[in-house]
Structures are given as structure tokens and as C-alpha cells.
Amino acid sequence: MTTLSLSADEARRIALRAQGFLGAPDRRGGVRGVLRHLGAVQLDTISVLARSHELIPYARLGAVGRDAVEKAYWSDSHAFEYWSHAACILPIEEWPHFAFRRRVKRAHGYRWHKMEDKDASCALVLDKLRAEGPLTSTDLGGAKNGGPWWDWSETKIAVEWLLDTGEVVCSERRGWKRVYDLAERAVPDALLHDDLDDGECLRRLVALAGQSLGVGTRADIADYHRLKGEQVDAVIADSGLVPVEVEGWGKPAWADPRALDTAARGRHRTTLLSPFDSLVWDRPRTERIFGFTHRLEAYVPKPQRVHGYFAMPLLAGGRLQGRVDPAREGRTLVARQVSLTTPGAAGAMARALREAAEWVGCDAVRVERAQSPAEAAAITAELAALGA
């Protein structure tokens, strides 16, 4: 059997289309369509322009109302939060696929936090949820013991353990707090009792990762839902993905056959990306596909930062053409630090900044610092031409 060969450019376009950045977006599906298409939307505590799970649909659909984003995720038992690539919002239909991970957690017997009386603490949590409905850890009795952030209360440890093992579901985030509910209430019955064995869970997750990536190496596919390489190896032949060779990758790869059916063409989106966007969350893949090295510097000491606290890559013309570290001062969006990696990308950066400003309710944009005075002046001039 002859293995199909793809050029690096073809692979890049396939990846962009699979992630919703090439071709007209399906606005009929809205935020829920984006979630279903990607299979996982990562959550994170950092909020600059907005939280990362809000930035994901914005990057693909444009100025979706932030309240509408939250409602789309969390109403009608449409989604749940669980451990995928990290803590992620997942379509509810993926509940059965993570049974293997819930079984691993259950077999382990405990989290890294220890409970004084595990059975009694878990029973109290379940009884309270059963009697009172969905609750936050505060409602359940408090999350902290009064020490550092990791010094959890017995109740918090218990409810997170129950979340790990699937007896409890995070049915929404409220004021950034997890809202917990009984799995029997939060998960539709047909999904709750769809008990897949480990092999079928892994096969489906590998197939879904391949569809969401378009094309990827073994490591790419494993990273999407944080599987082990040997788990991918065990099911890749039955996943429906097609072996391909990609110019310059140097490693075997697999593609979604539907992504190979037609040439990846269409309109490119110009936008700023969350560092936690699934297009770029895998840094080695991002460098391989786009020739763009990116690092989240939020946890780097300020004097050691190169590009800023929450540098957001600029996607334009199907390429990553720069980055900006944004902030807000009243109704002004401030580009605290901008760096362009492509000559002539000032206009694209200005358009992306202007759209982001309008989305978060700012009516002005100011460039504070760039790689050079000329670059700052070019972006500022483009902003003035846009009326920003």
C-alpha cells in the first residue's frame, strides 16, 4: 500500500481547516459547533482580554457575546468539565470516552491529597448534592483549610475525588468556581450507562484527535487528550486515520481521511490566539507546522520575560505572523508589547487588535512598546486608518 505524501504547506492548511481557521466558519453551529468540532476547549485561570475558553470561539467566529459563550457551554447538559488535554470543557457525548481514565483514578484509590475519612467525607458530599442539587465547593462547606491554595478542606478533596472517578460531574463554572452535580442527574442516561472498555475509549479518542488535528504525528495525537504513546499505538490501526508522510516532519503521521478528500481552501481568519488554543497548545507541533516558537511567560519572573505575561500569537493569512501582550486600561486596549515576525504584518496586527478591542468593549487601542520605533509607528498608523 502506497503511503500518501503531503507537502508541509498542505499539512499546514489541513491543520488550519481542521481547527476552524480556513474557510467560512459554520456560524449555524455557533459556540457549541466549535466545541463539538474541536472536541476539547481548555480552561485556565488567567483572564486578560477574557478567559481562554471564551477566546477559543471568538478566534473562530468573531465577536460572540461573552454571556452567550457561557450559556452555550453550560446550558441544557450540553457539556461537562474533565481532564483531557488539561482541565477542559468537553461535549457531553464524549462522557463515555473517558471511562478508561475514571477507572484509572478509581484504581489508584486517592488523589495526592489525603482524606482523614474518605468514605464518610464522600458520603456527606453525595448526600448534600442529592438533597440540594448542583453546588459549588463553598456551598458544600468550603474549599480551603485557611492555608496556601493547595491546602484543601476535606470536603474539597472529597468532591474532587468524586469528580475524578465520575460519581460527580462539573456541570458548569459559576464565578470561576466549579459547580458539581451527581452524574446521574447531569449526564443523559444513555451516555451515563454507555460503558466502553479501555480499548474502545482509546480508539475513539485517537480518532477524534485525528479529526480535530487534521493531520498529526503519534506525539501530536497522543498530546491532544494526553494519552500515552503506547495507547495510541494500540489502537491507531483501527482508528480510521490514514498513514501519511509529511515533508520535513521526519516522523510517521496520520490524517483524517475526510481532510484529504478535498483541497484545503478558503478564507483565512485574522485573529489573536489564546496560548491555550488547541491550534497552538502543543508547542513542538506549532514550531514544526508554523516555524513559530511560542512560550507562555505568565509564570516566568517579569525581568526574564521576552514577549510578555500573556503573549497572544497573531494568526493571519494562515501563518503565525507575530504576537502581542495585551492589557486593558479602562476603555483602552493596550498592546503592552508587540513583535512581528513577518514583514508587512502591521496591518494584520492592527485589524486583530481593533476587533479584539471592540469585542471586549474598548473604543481605543494604544501600542505601548514594539520591537522598534518603526514597527510601533507602522501599527499605530494602521490603527488610525481603521479609526482605532
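Two strands count as paired if DSSP finds at least two bridges between them. The exercises below apply to a predicted model.

**Exercise 1.** Determine which strands stand at the edges of the open sheet of 5 strands, and describe how β13 pairs with β14.

*Solution.* Step 1: the strand order is β10-β11-β12-β13-β14, and the pairing is mixed. Step 2: β10 (271-272) and β14 (364-367) each have a single partner strand, so one side of each is left without a neighbour in the sheet, and these two are the edge strands. Step 3: β13, residues 332-340, runs parallel to β14, and 4 bridges join them. Step 4: within this pair, Ala 335 lies opposite Val 367 of β14.

**Exercise 2.** Classify the packing of helices α5 and α11, and characterise their contact.

*Solution.* Step 1: α5 (residues 99-108) and α11 (residues 198-213) pack with axes 8 Å apart, at an angle of about 130°. Step 2: angles over 145 degrees count as roughly antiparallel and those of 65 to 115 as roughly perpendicular; α5 and α11 are therefore oblique to each other. Step 3: α5 contributes Ala 99, Phe 100 and Arg 103 to the contact, while α11 contributes Asp 198, Cys 201, Leu 202 and Leu 205. Step 4: these contact residues comprise 5 nonpolar, no polar and 2 charged.

**Exercise 3.** Identify the buried residues of helix α4 and the elements against which they pack.

*Solution.* Step 1: in α4 (residues 66-74), Val 69, Ala 72, Tyr 73 and Trp 74 are buried. Step 2: the buried residues of α4 pack against helices α2 (30-38) and α3 (52-61), and against strands β2 (41-42), β3 (79-83), β4 (87-91) and β5 (168-174). Step 3: Asp 76, which follows α4, has a positive phi near 60°.

Terms used. Residues are numbered from 1 along each chain as its sequence is written. This is a predicted model: local features need pLDDT of at least 70, side-chain atom pairs count only at pLDDT 80 or more; totals for chains, interfaces and linings use all residues. Side-chain values use heavy atoms; hydrogens and water are left out. Axes are lines fitted to C-alpha atoms, for helices over the stretch in contact, and angles run from 0 to 180 degrees between N-to-C directions. Angles under 35 degrees count as roughly parallel, over 145 as roughly antiparallel, 65 to 115 as roughly perpendicular and the rest as oblique. Contact means heavy atoms within 4.5 Å. Ala, Val, Leu, Ile, Met, Phe, Trp, Tyr, Cys and Pro count as nonpolar, Asp, Glu, Lys and Arg as charged, and the others, Gly among them, as polar. Buried means under 20% relative accessible area, exposed over 50%, partly exposed in between (1.4 Å probe, protein chains only).
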